[in-house]
Amino acid sequence: MSENEADHDDAQFPSYPSVTQKLRCLDIFSGCGGLSHGLHESGVAESKWAVEIFRPAAEAYKLNNPECTVFGDDCNLLLRRAIEGTTHNEKGQRIPAQGEVDLMCGGPPCQGFSQMNRFTNREYSQFKNSLVATYLSYCDFYRPRFFILENVRNFASFKKGMVLKLCLATLIKLGYQATFAILQAGQFGVAQTRRRVIILAAAPGESLPLFPEPRHVFPATTGSLSVQIDEVRYTSNVRWTESAPFRTCTVRDTMSDLPRIRNGADKSEISYKGEARSNFQKKI
């Protein structure tokens, strides 16, 4: 082991009990809960705390997770309070303490990395990008057992991979095992192409999870799932690159049971007037 690899301080990690209980999850930039919902469905985690400054999204998260403490605070301010030892925010909500967070998940705002944004050099985008550093600071303070960061595909190649390399270097410096991959949501039952960068990290002594194998076939023409950084091209650990157990999920699968909305319609609610026609429709 090199000196750099041994630089991290294992003593800063809490001593976690080896139990099979659900992981206590802190969801940063939670939105209405799309990222953490999959963790709930898998049975591995339960959301105990969430941070979302946009009020309508925070209210939706609370409706979907009534037992969760949802903070409407600015994430930087909340972290500063936690570091200073403040136990409650101005609303009387208890701030999680070190050693309580098992899993941290979040998708820092991606406007600065998205190819749809033509103004990535403007001050607003630079500020949004800085929230990646805030998210890593949360990880540094709480030292969760597992860490997940999700962002748009361009996050991996932004500024020649500088931001991605910074994230991985920071996690490794903190003592984490870390990996990343580009996943295609269409391969997991979504009726559209949606590539996302996923960074996974695990604390010392934990098993670093593998990325899931695709469940649905999906056209490879929707974009590469590999990324070249410097002179090396990186791909995920998945083996099913050209096949999968289930066929592609289509727009017909997702929307064919919806009633037609004719010209002049003014009802805010319309009956389905029929049974679900696909497995996707039955599920939702």
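**Exercise 1.** In this predicted model, decide whether F29 and Y135 are buried or exposed, then classify the geometry of their ring pair.

*Solution.* Start with accessibility: F29 and Y135 are both buried. Next, recall that a pair of aromatic rings is described by the distance of the centres and the angle of the planes. The structure holds five aromatic pairs. In the one formed by F29 and Y135, the centres lie 6.0 Å apart and the planes make an angle of 70°. Planes over 60 degrees apart count as edge-to-face, and this pair is edge-to-face. Now place the pair on the chain: F29 sits in the loop between β1 (23–28) and α1 (34–42), while Y135 belongs to helix α4 (residues 123–142), so the pair links parts of the chain 106 residues apart. To finish, add F147, which joins F29 and Y135 in one aromatic cluster.

**Exercise 2.** Work out how the rings of Y138 and Y142 are arranged.

*Solution.* Take the angle first: the planes meet at 15°, with the ring centres 6.3 Å apart, so this pair is stacked. Then look at the spacing: Y138 and Y142 are four residues apart in helix α4, which separates them by about one helical turn. Check accessibility last: both Y138 and Y142 are buried.

**Exercise 3.** Find which residues of helix α2 (residues 55–64) are buried, and what they pack against.

*Solution.* List the buried residues: A57, A58 and Y61. Viewed down the axis of α2, they fall within an arc of 100°, so they line one face of the helix. Turn to the other side of α2, where R55 and L63 are exposed. Finally, follow the contacts: the buried residues of α2 pack against β1, α1, β2 (45–51) and β3 (69–71).

Key:
Residues numbered from 1 in each chain as written. Predicted model: local features only at pLDDT ≥ 70, side-chain atom pairs only at ≥ 80, totals over all residues. Heavy atoms only, no water. Phe/Tyr/Trp six-rings, centres within 6.5 Å; stacked < 30°, edge-to-face > 60°. Helix = DSSP H or I, 4+ residues; strand = E, 2+ residues; numbered from the N terminus. Buried < 20%, exposed > 50% of the residue type's maximum accessible area, 1.4 Å probe, protein only. Arc of directions from axis to C-beta. Contact = heavy atoms within 4.5 Å.
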